[in-house]
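Please open the structure in the viewer and keep the sequence at hand. The tour proceeds from one selection to the next.

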Amino acid sequence: MTVKKEYDEIYLTHKNLVLKAANLYSGNYHVAEDITQNTFMKLYIYFDDMKKDNIKSWLFSTAKHAALNYVKRAAKEVCIDESDFEMHMTDVVRSSEEELLNRYRSIENMELHDRIMIALLEKNRRWYDAIMLSYYMEVPQKVVAEKMGIKIEVLHSILHRAKEWIKKEFAVEYDELDRV
């Protein structure tokens, strides 16, 4: 007997058994039909490696386990009605837009800070060093004053003048960033 004839004979003999087992364990006839088809597809793939006297029990247990897995997966699925879905999708779109705008603002802020620091360096190297060490590198002001060879009061004066200059030169750009 050829392999194809042997397979066809097994299919005709056991298809109802597999369908009944799948339907019994899944509780859904349409799912049982799919399980039956998949079970026989697996049989076809592994047919040459199978012991022919175990095929009936293999078909039954394969269909049974596929149906039980279907029931387990179906129990985990959450059904939401259309209005909940639309509301959820609106929230997703809104949060995505907000995230994109926040990234855009962050990039603009970084670019503005870079321009400020370059302009500050060009304007006054001491102001630049004082701002960089005190605010960006967060070195204690007492240590900054020692490194710069000045008194702490002089450092405060330098920081104050540098901040006033930054406000005067870049106030319009900061205001534009806040409006966006």
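Begin by selecting helix H6, residues 141-148, in this predicted model. Within H6, the residues Val 144, Ala 145 and Met 148 are buried. Their directions from the helix axis span an arc of only 100°, so these residues lie on the same side of H6. Now colour Lys 142, Glu 146 and Lys 147: these residues are exposed and sit on the other side of H6.

Move next to Gly 149, which follows H6. The phi angle of Gly 149 is positive, near 70°.

Then select Glu 138, in the loop between helix H5 (125-136) and H6. What is the sign of phi at Glu 138? Glu 138 has a positive phi of about 55°, although it is not a glycine. Is Glu 138 buried or exposed? Its relative accessible area is 65%, and because exposed means over 50%, Glu 138 counts as exposed.

The following stop is Ser 26, which has its place in helix H1, residues 3-26. The relative accessibility of Ser 26 is 11%; because buried means under 20%, Ser 26 counts as buried. Display the side chain of Ser 26 and look for two polar partners in the backbone. One is the backbone oxygen of Ala 22, which lies 2.7 Å from a polar atom of the Ser 26 side chain. The other is the backbone nitrogen of Asn 28, which the side chain of Ser 26 reaches at 3.2 Å.

Which residues does Ser 26 contact, once its neighbours within four places in sequence are left aside? Select Val 31, Ala 32 and Ile 35, then add Ala 67, Tyr 70 and Val 71; Ser 26 is in contact with each of these residues.

Continue to helix H2, residues 29-46, and select Ile 45 there. With a relative accessible area of 55%, Ile 45 is exposed. Add Met 41, Tyr 44 and Tyr 46 to the selection: together with Ile 45, they form a nonpolar patch on the surface. The accessible area of this patch is about 480 Å².

Finally, display the whole chain. The secondary structure comes to seven helices and zero strands. Of the 180 residues of the chain, 26% count as buried. The accessible surface of the chain comes to about 13500 Å², and 55% of this surface belongs to carbon and sulfur atoms. Among contacts between residues at least 6 apart in sequence, 57% join residues at least 24 apart.

How values were computed:
Residues numbered from 1 in each chain as written. Predicted model: local features only at pLDDT ≥ 70, side-chain atom pairs only at ≥ 80, totals over all residues. Heavy atoms only, no water. Patch = residues over 30% accessible without salt bridge, like charges linked within 9 Å, V, L, I, M, F, W, Y side chains within 5 Å. Areas by Shrake-Rupley, 256 points an atom, 1.4 Å probe, with all protein chains shown as cover. Salt bridge = Lys/Arg side-chain N within 4 Å of Asp/Glu carboxyl O. Helix = DSSP H or I, 4+ residues; strand = E, 2+ residues; numbered from the N terminus. Buried < 20%, exposed > 50% of the residue type's maximum accessible area, 1.4 Å probe, protein only. Arc of directions from axis to C-beta. Polar contact = N/O pair within 3.5 Å; in protein donor to acceptor, adjacent residues only side chain to side chain. Contact = heavy atoms within 4.5 Å.
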